[in-house]
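Q: Please take a close look at the charged side chains in this predicted model. I would like to know which of them pair up and where they sit.

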Amino acid sequence: MTAATSINQTPKTVALAAAAVSDTKVSANEYKEALLAARDDIDILLAENACGPLMVRLAWHDAGNYDKNLASEKWPLAGGATGSIRFAPEINHGANAGLINGVKLIQTHIKEKHPLISYADLYQMASSRAIEYTGGGPSLGIRYGRQDVDSPDGCQKEGNLPDGEADPDTGNYGGTSGTASTEDKTPGGHLRKVFYRMGMNDEEIVALSGAHSLGRAYHDRSGLGAEQTKFTDGSTTQKFANGKVAPFHAGGSSWTEQFFVFDNSYFIVLNDDKSDPELLKMSSDKAVFKDDDFRPYAEKFRDNKESFFESYVKAHNKLSELGSKFVYDTPITLD
């Protein structure tokens, strides 16, 4: 694989895919029809592979390296939801450990069948469907028509994503290697430096943290959590929101007992001292209740799922469009 080639792609394929979404000869109606077909196949992929949480993380990490302070620079230097995560070196950043699996699933199951759709759109679509379809969460109504970066030149610097725990050597969260320092002595301060750089506020930080109702942390990827727990070792049946059994692979530590269902259980468990000790509670998670300015939102989301959903929809949509370059005058919606 050359430096200019994305995962499992030839340079020719990359060029054609980039041209498809940026070429105005592809009408908005044609692109929308392709999106609808891709959505059907993504739903099948999520149901058959129980990979929804992975897709949420993939899309978030593609978008979450955005720096609003670079927005005046030539696109895509500010980062964001541009599909850059499919390229090395970005896919090899420490915070992206394991996400190559998501990139490959989208490539082989979706992109090769629907080449018109940009990677940036496919990543965001897979994330939204993991929340809406298999997760049973709110309808997000995200918009499409993002243009992909077509080379590693569009990759963002490493160090813009949040840490769950402090560095054991320095005691600090974050670092100084990204586009702006995220280093702080406290998890709340670190989260603000990460998310404020994206243009997020405190309510959005807490709402987005609630996405941890889905998924698991793996010790061999993030260094956090256990190898497996009573909830992730395969002895407990996991189900999607529609009641169908989720065919998941054992391993990791989950934040919630039913980690394929999107609801407000993350906030309920996090604030419960009597919750099962095998559930994961990172310092960055605990901060949403310990921090004085985060706490009112965390308490509201704990007590009212609909309030959480309302705030989450707004925050998710904002995240999904960070740094995005839409190629149609009016971005495309499917609902």
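A: Lys230 has a relative accessibility of 36%, so it counts as partly exposed. Its partner in a salt bridge is Asp276, and the closest N and O atoms of the two are 2.9 Å apart. This pair links distant parts of the chain, with the two positions 46 residues apart. Lys230 sits in the loop between helix H8 (219–222) and strand S2 (253–254), while Asp276 sits in the loop between helix H9 (265–270) and helix H10 (283–290). Asp276 counts as buried because its relative accessibility is 19%, and the cut-off for buried is under 20%.

The general idea behind such pairs is simple. Side chains of opposite charge can pair when their charged atoms come close. In this predicted model the count comes to 13 salt bridges.

Another salt bridge joins Arg302 and Asp303, with 2.8 Å between the closest N and O atoms. Arg302 is partly exposed because its relative accessibility is 23%. Asp303, at 56%, is therefore classed as exposed.

A further salt bridge is found between Lys314 and Glu310, where the N to O distance is 4.0 Å. Both residues belong to helix H12 (residues 305–320), and because they are 4 residues apart there, about one helical turn separates them. Lys314 and Glu310 are both exposed.

Salt bridges can also share residues. Asp43, Arg129 and Glu132 are connected in a network of salt bridges.

Some charged residues belong to a patch instead. Asp163, Asp167, Asp169 and Glu183 form a negative surface patch. A residue in a patch needs over 30% relative accessible area and must have no salt bridge. Glu183 has a relative accessibility of 31%, so it counts as partly exposed. Glu183 is placed in the loop between helix H5 (119–134) and helix H6 (187–198).

Glu299 is also partly exposed, because its relative accessibility is 31%. Glu299 is found in helix H11 (residues 295–303). Its C-alpha atom is 24 Å from that of Ala241, and the two residues are 58 residues apart along the chain.

For the wider setting, there is a record to consult. In an unreviewed entry, UniProt lists residues 116–335 as "domain: Plant heme peroxidase family profile". Over residues 116–335 the chain is 36% helix and 2% strand. The C-alpha atoms at the two ends of that stretch are 20 Å apart.

The backbone has some points to note as well. Most residues other than glycine have a negative phi, and most peptide bonds are trans. Ala50 has a positive phi of about 50°, although it is not a glycine. Ala50 lies in the loop between helix H2 (28–49) and H3, and it counts as buried because its relative accessibility is 9%.

Two cis peptide bonds can be described here. One joins Trp75 and Pro76, with omega about 10°. The bond from Ala88 to Pro89 is cis too, and its omega is near 15°. Pro76 is in the loop between helix H3 (52–63) and helix H4 (100–111), and Pro89 also lies in the loop between H3 and H4.

Terms used
Residues numbered from 1 in each chain as written. Predicted model: local features only at pLDDT ≥ 70, side-chain atom pairs only at ≥ 80, totals over all residues. Heavy atoms only, no water. Patch = residues over 30% accessible without salt bridge, like charges linked within 9 Å, V, L, I, M, F, W, Y side chains within 5 Å. Areas by Shrake-Rupley, 256 points an atom, 1.4 Å probe, with all protein chains shown as cover. Salt bridge = Lys/Arg side-chain N within 4 Å of Asp/Glu carboxyl O. Lys, Arg positive; Asp, Glu negative; His and termini not counted. Charge placed at Lys NZ, Arg CZ, Asp CG, Glu CD. Buried < 20%, exposed > 50% of the residue type's maximum accessible area, 1.4 Å probe, protein only. UniProt positions renumbered as here; feature names shortened; annotations may be inferred.
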